[in-house]
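Biologist: Before we discuss this predicted model, could you put the sequence and the structure in front of us, so that each term can be set against its cut-off?

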Amino acid sequence: MKLMIVPARSGSKRVPDKNVKHVGIYPLVVRTLKVAIDADVPTLFTTDSEDYIKIARKYCGEEIEYELRPASMATDTTRVVEEISRICEERGFCNDDLLGLMLPTSPFRTSASLLRAIELAKETGNGVFSATK
């Protein structure tokens, strides 16, 4: 896997700062980052908030990469695909590179399910997503 991207914007209107609300002992975004760390997947946490970076760094240290995204990529109308495209363009990734996306608002995944998804993507050459009934 080239890179797992975990985006977390701070400007939620319905639930302010939802990405750093605690679910159990960890903030929502940290639960997601820890799954990537446990799976030993190169991970980029991208956010528009220096406070979010401080929170993530408190729990994850330097095991992941942190990036403060441009304000233009953190508006109410910015789609996550635009942020992924920006990252790919800046880093010179191509269509053959295997990238992942984990949203903090799906906190109950496991490193085993992540590793299985990566394996499936490599085996099939197709995108993979998880869902439950």
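Biologist: What makes the contact of Arg116 with Glu119 a salt bridge?

Modeller: The closest N and O atoms of Arg116 and Glu119 are 2.7 Å apart, and the term asks for a side-chain nitrogen of Lys or Arg within 4 Å of a carboxyl oxygen of Asp or Glu, so the pair qualifies. Both residues belong to helix H4 (residues 111-124), where, being three residues apart, they are separated by about one helical turn.

Biologist: Why is Glu119 called partly exposed?

Modeller: Its relative accessible area is 39%, and because buried means under 20% and exposed over 50%, that value falls in between. Arg116, with a relative accessible area of 39%, is likewise partly exposed.

Biologist: What does the salt bridge between Asp76 and Arg9 tie together?

Modeller: Asp76 lies in the loop between strand S5 (65-68) and helix H3 (80-91), while Arg9 lies in the loop between S1 and strand S2 (22-23), so the pair ties together parts that are 67 residues apart in sequence. The N to O distance for Asp76 and Arg9 is 3.3 Å, and for the salt bridge of Asp76 with Lys13 it is 3.6 Å; since the limit is 4 Å, both contacts count.

Biologist: Which class does Lys13 fall into, buried or exposed?

Modeller: Lys13 has 63% relative accessibility, and because exposed means over 50%, Lys13 is exposed. Asp76, at 48%, is instead partly exposed, as is Arg9 at 24%.

Definitions and conventions:
Residues are numbered from 1 along each chain as its sequence is written. This is a predicted model: local features need pLDDT of at least 70, side-chain atom pairs count only at pLDDT 80 or more; totals for chains, interfaces and linings use all residues. Side-chain values use heavy atoms; hydrogens and water are left out. Helices (H or I, at least four residues) and strands (E, at least two) are DSSP runs, numbered from the N terminus. Buried means under 20% relative accessible area, exposed over 50%, partly exposed in between (1.4 Å probe, protein chains only).
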